[in-house]
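Welcome! Please take a look at the model below, and then we can walk through some of its features together.

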Amino acid sequence: MAFSEIDRNILERCLQKQPRAWEDFVDRFIGLVYHVIRHTSVSRNIHLSPEDHDELVNEAFAAILADNFTILRRFRGNSSLATYLTVVVRRIVVRIILQKRLHIQTESQADYFVTENVGEMEKRIEDKEEIEYLLAGLPANEAKIVRAYHLEGKSYAQIAQETGVPENTIGPTLSRARAKMRKSAEEH
């Protein structure tokens, strides 16, 4: 979808700090922000209370507003504004969930709270969509390791146990697979 004239107008008005521009921006995109937060939490089996959900909406908009609209100023118009905001809001939400460790409970681990390195977990979640797309171009054994690490959140030890591959080769296998996926993405 292309960058629409309506969105271009709202964006320009916000960046110029015109009257009612921010209110119009929020009115236009609040549904999208709610949807992204709901989809992000559901797709990752994260249960948010209504209060947590509202807090994430507020923090997402605060991040967009912060530093004189820095996030909006970075938008280059190579996609629709909605697409850009979807990616941005998803990253903001993931970062906040991991930093605050909101009551994250998976269906299979009701009392388990995430203790993994926040940066590592955030990187895994952000890469999920791209990885799914690029996995098809990998050999089956590499795809299985990439899927287990990035999509299922398994440790090197767990992957080694499941695949029979030595644990010390998981990292290099992931590096090779990432290089192949990068090359494939560049060619595509």
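This briefing covers aromatic rings and two helices.

Keep in mind that this is a predicted model. Its aromatic pairs number 7, and a good place to begin is W22 and F25, which form a stacked pair.

**Aromatic pairs in helix α2**
- A pair of aromatic rings is described by the distance of the centres and the angle of the planes.
- For W22 and F25, the centres are 5.2 Å apart and the planes meet at 15°; the pair counts as stacked because that angle is under 30 degrees.
- Both W22 and F25 belong to helix α2, which spans residues 21–43, and they sit 3 residues apart, about one turn of the helix.
- F25 also pairs with F29, this time in a tilted arrangement, with 5.0 Å centre to centre and 50° between the planes.
- F25 and F29 are both in helix α2 too, 4 residues apart, again about one turn.
- In an α-helix there are 3.6 residues a turn, so residues three or four places apart point the same way.

**Buried or exposed?**
- F25 has a relative accessible area of 0%, so it is buried.
- F29 is at 4% relative accessibility and therefore counts as buried.

**The aromatic cluster**
- W22, F25, F29, F61 and F69 come together as one aromatic cluster.

**Helix α1**
- Helix α1 runs over residues 5–15, and its buried residues include D7, I10, L11, R13 and C14.
- These residues lie on the same side of α1, because they cover an arc of only 165° around the axis.
- After α1 comes K17, which has a positive phi near 55°.

Key:
Residues are numbered from 1 along each chain as its sequence is written. This is a predicted model: local features need pLDDT of at least 70, side-chain atom pairs count only at pLDDT 80 or more; totals for chains, interfaces and linings use all residues. Side-chain values use heavy atoms; hydrogens and water are left out. Rings of Phe, Tyr and Trp (its six-membered ring) pair if their centres lie within 6.5 Å; planes under 30 degrees apart count as stacked, over 60 as edge-to-face and the rest as tilted. Helices (H or I, at least four residues) and strands (E, at least two) are DSSP runs, numbered from the N terminus. Buried means under 20% relative accessible area, exposed over 50%, partly exposed in between (1.4 Å probe, protein chains only). The arc is that of the directions from the helix axis to the C-beta atoms.
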